[in-house]
Amino acid sequence: ANFKAADAYQFAFFDAISGRSEHPKALELGCGEGRAAGQLAAKYPSWSVYCFNLKGYKQRSRGRPIGGAVSFDSDIEITKMLHHYNVQLPKTAKIPKVFLGDASKSPWPFDDDTFELMLSQATLSKIKEVDVVVKEAARTLATGGIALFGFGGATCNRQLWARRIEDRTLFCGDVVVAGSKVRIYLVHQTPFDLKAEDNVTNWRSSPDVDTYDGGMSTMLIINKPTAINTFMFKCPQKMKTSSTFDILKHCPRHTPSWDRGMETMSRFFKTIEAMQ
């Protein structure tokens, strides 16, 4: 399976986390029709994949054989989607289990310390109560677990995407929520952030850099420390203080979901800074 809905940056963490638990679990917040969740189940059959869809979100016709809801509310609809996109699950894989609810309210319908990994494409841009999402992610993530929530995409000029990733970091810090210490990281990403540094350096000096359209995505990462109190990533030692709205000026074209998400995150981090 090869879905555009699947974010390579998010999927890369499955390889890093796989093997930590005998029965690992993953949650996709706002899985829609379940394409990314289906790919996860196909690629990682040992994982139990769960979908948490937003109750009451808009309906839209998708055409046959899919019944027509952006927020599928049953495992049967996920099964139809898998057949529609010709996704073959291994015999040992499980159909992603669907939960329908309101992610802006606590508690989510999951136990504490449940998920090794959470992901989302752009659902967080539809939720104003980011503090609830962070709180519930901290509560339901297992020890050492990580959540990666996307906000959609933007087309940004070279003044932004040519910077190193630490200079595109809007926030990185440790926060105690729901009785748990978590590290929160908000960063603007480029497709080449996962490449080795030597490859990135070569790319910057190649003719391809002149044709790159500036496509970027923004990711909120929430990491729960391991049993020995370590995190999967480090905060940049030298962070440039920059508000989300300062960054917006470098992104002349962006999706409505990205715009909403940046406004929401700006308010959220101002609240955090006021508490510290």
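Start by colouring this predicted model by pLDDT and selecting two helices. Helix α1 (residues 8–17) has the lowest mean pLDDT among the elements of the protein chain, at 59, while helix α4 (residues 130–140) has the highest, at 93. Next, select residues 1–6: the pLDDT there is below 50, and the model gives this stretch 14 contacts beyond near neighbours in sequence. Residues 58–70 are another stop of this kind, with pLDDT under 50 throughout and 21 contacts beyond four places in sequence. Where pLDDT is low, the predicted coordinates should not be read in detail. For the protein chain as a whole, the average pLDDT is 77, and 81% of the residues score at least 70.

Now for the aromatic rings. The whole structure holds 8 aromatic pairs. Show the side chains of Phe 99 and Phe 110: their ring centres are 4.9 Å apart and their planes meet at 70 degrees, so this pair is edge-to-face. Phe 99 sits in strand β3 (residues 97–101) and Phe 110 in the loop between β3 and β4 (115–120), so the pair ties together parts 11 residues apart in sequence. Switch on the surface, and Phe 99 is partly exposed at 22% relative accessibility, whereas Phe 110 is buried at 8%. Then add Tyr 50, Phe 52, Trp 108 and Phe 115, which together with Phe 99 and Phe 110 form one aromatic cluster.

For the last stop, select Thr 264 in helix α8 (residues 256–275). Is Thr 264 buried or exposed? With 5% relative accessibility, Thr 264 counts as buried. Display its surroundings too: leaving aside neighbours within four places in sequence, Thr 264 is in contact with Ile 127, Lys 128 and Val 130.

Definitions and conventions. Residues numbered from 1 in each chain as written. Predicted model: local features only at pLDDT ≥ 70, side-chain atom pairs only at ≥ 80, totals over all residues. Heavy atoms only, no water. Helix = DSSP H or I, 4+ residues; strand = E, 2+ residues; numbered from the N terminus. Buried < 20%, exposed > 50% of the residue type's maximum accessible area, 1.4 Å probe, protein only. Contact = heavy atoms within 4.5 Å. Phe/Tyr/Trp six-rings, centres within 6.5 Å; stacked < 30°, edge-to-face > 60°. pLDDT = per-residue confidence, 0-100.
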